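Subject: Structure handover

Hello,

Please find the structure below. My notes on helix packing, the overall layout and the pocket follow it.

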Amino acid sequence: EELERSGVLAGIEAVAGSSAGAMTAALIATGISSEDFKKLSGETNFENLLGEGFIVNKDGKPLYQLMHNTISSNVTKYLKDKDIMEVCNLRMESIAVEITKLQNDSSPSALEELNILKEKQAKLQSIIDTDGVQFAELNKRAQETGTIYFKDLDLLHLIDPIKFKDLVVTATNRETGDLTIFDARK
């Protein structure tokens, strides 16, 4: 709530977490408001989230369903409420302003940021050129199955980085004990 109120959340590019932190990160990455997060937390029976089974071997189905429903609801509500092409065009304008500010700066960090912005601009232009077909497909899948992929969050973050964040989830491979990272690139 404080990150949202202070404006800090708007500037955060990515969220990451493991275990319960991954669940919180996923909700934040999919644009949940602090108000909706509080409501979800207040209405959730945490004792029943682990599902059926014996002590440590619970099936986790209620938890999975809660996350699945909340994430798909966050995304479908946004897609329903927004004119995606307008959002894309506004984002293109803001990137153009950022590019203009950086064009006279020849520092390595400015050149790197300029390249990143030009890449985003090209991706946005592709979306605009196809009349947002990616979002129509995302919306259809989200409404039919509720399935949201990391790549979907990457796409949403591209057009609205204030609302949607890149998501990184870390886990441990049970068999090897190695760190495993899940994100839009992997």
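I will start with one helix pair. In this predicted model, M23, A26 and L27 of helix 3 are in contact with L63, M67, T70, I71 and N74 of helix 5. By class, that contact consists of six nonpolar and two polar residues, with no charged ones. The two axes, of helix 3 and helix 5, lie 9 Å apart, and the packing angle is about 20 degrees. Angles under 35 degrees count as roughly parallel, so helix 3 and helix 5 are roughly parallel to each other. The crossing of helix 3 past helix 5 is left-handed.

A second pair is arranged as follows. Helix 7, residues 108-129, and helix 9 have axes that come within 10 Å and cross at roughly 100 degrees. The range from 65 to 115 degrees counts as roughly perpendicular, and helix 7 and helix 9 are therefore roughly perpendicular to each other. On the helix 7 side the contact involves K120, K123, L124 and I127, and on the helix 9 side L155, L158 and I159. Sorted by class, the contact of helix 7 with helix 9 has five nonpolar residues, two charged and no polar ones.

For the overall layout, the protein has nine helices and three strands. Read from the N terminus, the order of elements is α-α-β-α-α-α-α-α-α-α-β-β. Along the principal axes, the C-alpha atoms fill a box of roughly 65 × 35 × 35 Å.

Now the pocket. What is the volume of the largest pocket? The value is about 570 Å³. The lining of the largest pocket is made up of 19 residues, and those nearest its centre are A26, Y64, M67, I71 and I148. Of these, A26 also belongs to the contact described above, on the helix 3 side, while M67 and I71 belong to it on the helix 5 side.

Which elements each supply at least two residues of that lining? They are helix 3 (20-29), helix 5 (61-81), helix 9 (150-159) and strand 2 (166-172). The largest share, four residues, comes from helix 5. By class, the lining of the largest pocket has twelve nonpolar and seven polar residues, and no charged ones. Charged residues are likewise absent from the contact of helix 3 with helix 5, whereas the contact of helix 7 with helix 9 includes two.

Regards

Key: Residues numbered from 1 in each chain as written. Predicted model: local features only at pLDDT ≥ 70, side-chain atom pairs only at ≥ 80, totals over all residues. Heavy atoms only, no water. 1 Å grid on protein atoms, 1.4 Å probe; cavity = no way out; pocket = protein on both sides within 12 Å on 5 of 7 lines; lining within 4 Å. Points joined across faces, edges and corners; volume = space filled by probe spheres on them. Nonpolar A, V, L, I, M, F, W, Y, C, P; charged D, E, K, R; others polar. Axes fitted to C-alpha atoms, helices over the stretch in contact; angles between N-to-C directions. Parallel < 35°, antiparallel > 145°, perpendicular 65-115°, else oblique. Left-handed = near helix turned anticlockwise from the far one by under 90°. Contact = heavy atoms within 4.5 Å.
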